Amino acid sequence: MKKNLLAVLILALVMVNLAFTAIMAFSIVPATKNANKLIEDVAKAIHLELNAGKTIGQNNVSMENVEERVINGGETQTITLKKGDDGKDHFAVVTVYLALDKENEDYSKFSADLKESTIMNYVMNAVSSHTKEELGNQEVVEQIQDDLLEDLQALFDSNFIVAVGFKSMLLQ
């Protein structure tokens, strides 16, 4: 009789333990999801890359394998900007450069003929869609450079271009 009573007591304790475990799981999982969402929002707010190392860019290429190529022989390009709040016409005068990975298998195929007029067309479209005030913000300029990098990598269907930048950018 004592053995049966002990078995029933153990069974009851196991059931209580199972119930408490289920209650804890259902109370902790939503809190953890909320904490993860909060962490992601904070990371986005301070521009942390959560997927570091997965991007294709200059960080993955050693500097001795990077060739900097100025587009249009270093000539400046004047681009009309979108009208801002003041309603006046504004212009950006830019000089664009590309950082090319010399070790990439597509480098020799594309580096001789980079289609500079096509690249400048992409740059003009990207820059002209912003106002002078927006381009005064470094984060906007960096976003334009990142977007241009993605667009040019898609254009050439290759990642031999590892960075796009502005050697100079004057706003008027």
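In strand β4, Ala163 is the bridge partner of Ala99. This pair is a convenient place to enter the structure, which is a predicted model. The bridge belongs to a longer contact: strand β4 covers residues 161-171, and nine bridges join β3 to β4. The two strands run antiparallel.

Strand β3, which spans residues 91-101, also pairs with other strands. One of its partners is β1 (residues 66-70), and the two are antiparallel, with five bridges between them. Within that pairing, Val66 of the chain has Asp101 in β3 as its bridge partner. Another partner is β2 (residues 77-80), again in the antiparallel sense, this time over four bridges. Here Thr78 is matched with Val93 of β3.

How many of the eleven residues of strand β3 are buried? Eight of them are, so β3 is largely enclosed by the rest of the structure. Buried here means that under 20% of the relative accessible area remains. As a point about strands at large, side chains in a regular strand alternate between the two faces of the sheet.

The strands also take part in contacts between charged side chains. Lys167 and Glu68 form a salt bridge, in which the closest N and O atoms are 2.6 Å apart. Lys167 lies in strand β4 and Glu68 in strand β1, so the salt bridge ties together parts that are 99 residues apart in sequence. Both ends of the contact can be placed by their accessibility. Lys167 counts as partly exposed because its relative accessibility is 47%, and Glu68 is partly exposed with a relative accessible area of 45%. Partly exposed residues fall between the limit for buried, under 20%, and the limit for exposed, over 50%.

The count of salt bridges comes to five. Another of them joins Lys83 and Asp89, with 3.5 Å from N to O. What is the relative accessibility of Lys83? The value is 49%, so Lys83 counts as partly exposed. Its partner Asp89 is likewise partly exposed, with a relative accessible area of 48%.

A further salt bridge is found in helix α1. There the side chains of Asp41 and Lys37 meet at 3.3 Å, N to O. Why are these two separated by about one helical turn? Asp41 and Lys37 are four residues apart in helix α1, which covers residues 2-45, and this spacing accounts for the separation of about one turn. Asp41 has 38% relative accessibility and therefore counts as partly exposed.

Charge also appears in a group on the surface. Glu139, Glu142, Asp146, Asp147, Glu150 and Asp151 form a negative surface patch. One of these residues, Asp147, is placed in helix α5, which spans residues 138-156. Is Asp147 buried, partly exposed or exposed? With 33% relative accessibility, Asp147 counts as partly exposed.

The last stop is a loop. Ala112 sits between α2 (107-110) and α3 (116-128). At 74% relative accessibility, Ala112 counts as exposed, the cut-off for that class being over 50%. Where does Ala112 stand relative to Leu155? The two are 43 residues apart in sequence, and their C-alpha atoms are 16 Å apart in space.

Methods. Residues numbered from 1 in each chain as written. Predicted model: local features only at pLDDT ≥ 70, side-chain atom pairs only at ≥ 80, totals over all residues. Heavy atoms only, no water. Patch = residues over 30% accessible without salt bridge, like charges linked within 9 Å, V, L, I, M, F, W, Y side chains within 5 Å. Areas by Shrake-Rupley, 256 points an atom, 1.4 Å probe, with all protein chains shown as cover. Salt bridge = Lys/Arg side-chain N within 4 Å of Asp/Glu carboxyl O. Lys, Arg positive; Asp, Glu negative; His and termini not counted. Charge placed at Lys NZ, Arg CZ, Asp CG, Glu CD. Buried < 20%, exposed > 50% of the residue type's maximum accessible area, 1.4 Å probe, protein only. Pairing = 2+ DSSP bridges.
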